[in-house]
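User: I am new to this structure. Please take a close look at a single strand and its surroundings.

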Amino acid sequence: MSEQKIVLIRHGQTEWNKAGRLHGRSDLPMNETGVRQAQQLAQEFAVQGPWAAVYSSPLFRALQTAQIISKGIGTRALYENPELMEQDFGDWEGKLVGHPADEQRQLHIGSGETEKHLVERAVNALFKICQQHAGDNVLVVSHGALISSVLSALTGESDPQVANGTYRELDARLLNNYVSREPLSH
């Protein structure tokens with residue numbers, strides 16, 4: 001039996017991504033570049049399968065990406081999961097910030113969701129997905145801050161970058177290790 005593969009995919013580009021604005025929960029569609037990125041991912045994953053399921057944040061840019069990928073890999077197993085939504089940046093949503101790890105962003109998100117809560121809910125969701133699809137390969141479409149924060153918490157990598165329309169494979173064992181040392185609430 002092969003090891004389970006969980007792939008974290010950042011949605012395709014939007015106009016706000018292009019401009020360097022924080023999205024958070026603002027629900028915007030992908031632009032033409034983003035659609036092309038999602039189509040390219042679909043082609044890549046079609047030859048890497050089989051895939052048991054595609055999970056997605058319900059925010060339109062992620063769901064749009066997931067729908068294109070699902071169609072491209074030939075699966076109807078597409079599930080929306082609100083725990084995969086982007087971090088709530090509060091009053092900073094829509095503001096120009098540049099680099100995702102910008103210190104200014106970290107200092108001023110006080111009106112939104114903490115990174116600790118973001119990691120807790122995201123790891124909880126990913127852990128459940130792994131349990132539901134034990135031994136299967138699964139695609140998860142989400143957002144930049146969520147993916148970066150999860151990777152940092154699980155691997156210790158400092159400021160992992162995930163550009164629009166790219167992905168990172170996650171070792172499912174890291175989720176088990178994290179859950180055993182950091183009990184999740186829910």
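Analyst: What follows looks at strand 2 and the elements around it, after a short overview.

The model is predicted, so local features need pLDDT of at least 70 and side-chain atom pairs count only at pLDDT 80 or more, while totals for chains, interfaces and linings use all residues. Residues are numbered from 1 along each chain as its sequence is written, and side-chain values use heavy atoms, with hydrogens and water left out.

The protein has seven helices and five strands; helices (H or I, at least four residues) and strands (E, at least two) are DSSP runs, numbered from the N terminus. Their order along the sequence is β-α-α-β-α-β-α-α-β-α-β-α. Of the 186 residues, 49% are buried, meaning under 20% relative accessible area with a 1.4 Å probe and protein chains only.

Strand 2 covers residues 53-56. A53 and Y55 point one way from it, V54 and S56 point the other way, and all are buried.

Strand 2 pairs with strand 4 (residues 138-142) in the parallel sense, over four bridges; pairing requires that DSSP finds at least two bridges between two strands. Strand 3 (residues 78-80) also runs parallel to strand 2, and three bridges join them. S56 appears in both pairings: it stands opposite V141 in strand 4 and opposite E80 in strand 3.

Strand 2, helix 3 (residues 60-73) and strand 3 make a right-handed β-α-β unit. Right-handed here means that, with the strands pointing away from the viewer, the path from the first strand over the helix to the second runs clockwise.

Conventions. Buried < 20%, exposed > 50% of the residue type's maximum accessible area, 1.4 Å probe, protein only.
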